[in-house]
Amino acid sequence: MTFNYEYARPALAVDCVVFGLDERELKVLLVQRALPPKHAWALPGGFVRIDETLDAAARRELAEEAGVRDVYLEQLYTFGELDRDPRERVVSVAYYALAKLGDHAVRAATDAMGVGWFGLDELPKLAFDHAHVVAVARDRLRGKVRYAPIGFELLPPRFSLTQLQRLYEIVLGAPLDKRNFRKKILALDLVVATDELEQGVRHRAARLYRFDRRKYEKLAKQGFEFAI
């Protein structure tokens, strides 16, 4: 596949903000670059190949640079400031992804010399405009988690209602009333109680629930609105 352009064009890249959740904070996956700016921490990403879609490029870069596969992935925004990359003119289409921390044994590969999860409020200095990209992704997540059940992508398949409430409190950055939250969640009729209880806890073991994805998808087609 060849192209002949009369005018110079910017390079096209993808960058991925991967969020994960532990018991106390939201985390972001970063890679330490082996290419200039060398040793700097940055979001997983790279240039789009001539024969692939943007989505395919984002998933490839996540797999190649950090060993992350099969995650919820959504296009976020396009970043094209003239000075965002000091090496050359680069436009980046950013994505955000949601990953269960325990499901991914992250590893550095291709042009990354290190990889790790960092607390969202304790990030190192990031290369390029990636700090801004992370901030935009955080705002998008805070907004969307209220009207789409994407938060379940951060939880294990079986979770307690306390875990679910904690997820929303961490993402939204504010405490929630326990009674009102549980009333809202159960009224949606999308979480199903299982026969399982929490394991290895010092307090009284709580009932575990699961998200009924099939039911949600069926209701969504009928105009159902998820709202927290």
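1. Salt bridges, to start. A search of the whole structure, which is a predicted model, turns up 17 salt bridges. A few of them deserve a look one by one, and I take those below.

2. Lys-144 and Glu-74 make one of these salt bridges, with 2.7 Å between the closest N and O atoms. Lys-144 belongs to helix α2 and Glu-74 to strand β5, so this pair ties together parts of the chain that are 70 residues apart in sequence. Are the two partners buried or exposed? Lys-144 has a relative accessible area of 15%, which is under the 20% cut-off, so Lys-144 is buried. Glu-74 comes out at 18%, so Glu-74 is buried as well.

3. Arg-84 and Asp-129 are another pair to click on: their side chains meet in a salt bridge at 2.8 Å, N to O. Here both partners sit in loops, Arg-84 between β5 and β6 and Asp-129 between β7 and α2, and the pair links parts of the chain 45 residues apart. Arg-84 is buried, and Asp-129 is too.

4. Glu-25 and Lys-27 also form a salt bridge, the closest N and O atoms being 3.1 Å apart. Glu-25 has a relative accessible area of 12% and is buried. Lys-27, at 15% relative accessibility, counts as buried too.

5. Then there is a network rather than a lone pair: salt bridges link Arg-49, Glu-52, Arg-60, Glu-61 and Glu-64. If you are setting up a display of the charged side chains, these five residues belong in one view.

6. On to the aromatics. How many aromatic pairs are there? The count is nine. Trp-41 and Phe-118 form an edge-to-face pair, 4.9 Å centre to centre, with 65° between the planes. This pair links distant parts of the chain: Trp-41 is in strand β3 (residues 41-42), Phe-118 is in strand β7 (residues 112-119), and they are 77 residues apart.

7. Tyr-72 and Tyr-96 give a tilted pair, with ring centres 6.3 Å apart and 55° between the planes. Tyr-72 is in strand β5 (residues 72-79) and Tyr-96 in strand β6 (residues 90-98), a separation of 24 residues along the chain. Tyr-96 has 0% relative accessibility and therefore counts as buried.

8. Some rings go beyond simple pairs. Ring pairs join Phe-152, Phe-159, Phe-211, Tyr-216, Phe-224 and Phe-226 into a cluster.

9. Ser-160 is the residue right after Phe-159 in the numbering, and its place is the loop between α2 (130-144) and α3 (161-172). At 0% relative accessibility, Ser-160 counts as buried. Which residues does Ser-160 contact, leaving aside its neighbours within four places in sequence? They are Glu-198, Ala-206, Arg-207 and Leu-208.

10. Helix packing next. The axes of α3 and helix α4 (residues 178-188) come within 11 Å and cross at roughly 105°. That angle falls in the 65 to 115 range, so α3 is roughly perpendicular to α4. On the α3 side the contact is made by Leu-161, Thr-162, Leu-164, Gln-165 and Tyr-168, and on the α4 side by Lys-178, Phe-181, Arg-182, Ile-185 and Leu-186. By residue type, the α3 and α4 contact divides into six nonpolar, two polar and two charged.

11. Cys-16 is in strand β1 (residues 11-21), and at 0% relative accessibility Cys-16 counts as buried. Not counting residues up to four places away in sequence, Cys-16 touches Leu-43, Pro-44, Ala-58, Leu-62 and Tyr-95. For a sense of scale, the C-alpha atoms of Cys-16 and Asp-129 are 13 Å apart, with their positions 113 residues apart along the chain.

12. Pro-44, one of the residues touched by Cys-16, sits in the loop between β3 and β4 (45-47). Pro-44 is buried, with a relative accessible area of 0%. Leaving out residues up to four places away in sequence, Pro-44 touches Val-14, Asp-15, Cys-16, Leu-29, Val-31, Leu-62 and Glu-65. Leu-62 thus appears in the contact lists of both Cys-16 and Pro-44. The C-alpha atoms of Pro-44 and Arg-138, 94 residues apart along the chain, are separated by 16 Å.

Conventions
Residues numbered from 1 in each chain as written. Predicted model: local features only at pLDDT ≥ 70, side-chain atom pairs only at ≥ 80, totals over all residues. Heavy atoms only, no water. Helix = DSSP H or I, 4+ residues; strand = E, 2+ residues; numbered from the N terminus. Buried < 20%, exposed > 50% of the residue type's maximum accessible area, 1.4 Å probe, protein only. Contact = heavy atoms within 4.5 Å. Phe/Tyr/Trp six-rings, centres within 6.5 Å; stacked < 30°, edge-to-face > 60°. Salt bridge = Lys/Arg side-chain N within 4 Å of Asp/Glu carboxyl O. Axes fitted to C-alpha atoms, helices over the stretch in contact; angles between N-to-C directions. Parallel < 35°, antiparallel > 145°, perpendicular 65-115°, else oblique. Nonpolar A, V, L, I, M, F, W, Y, C, P; charged D, E, K, R; others polar.
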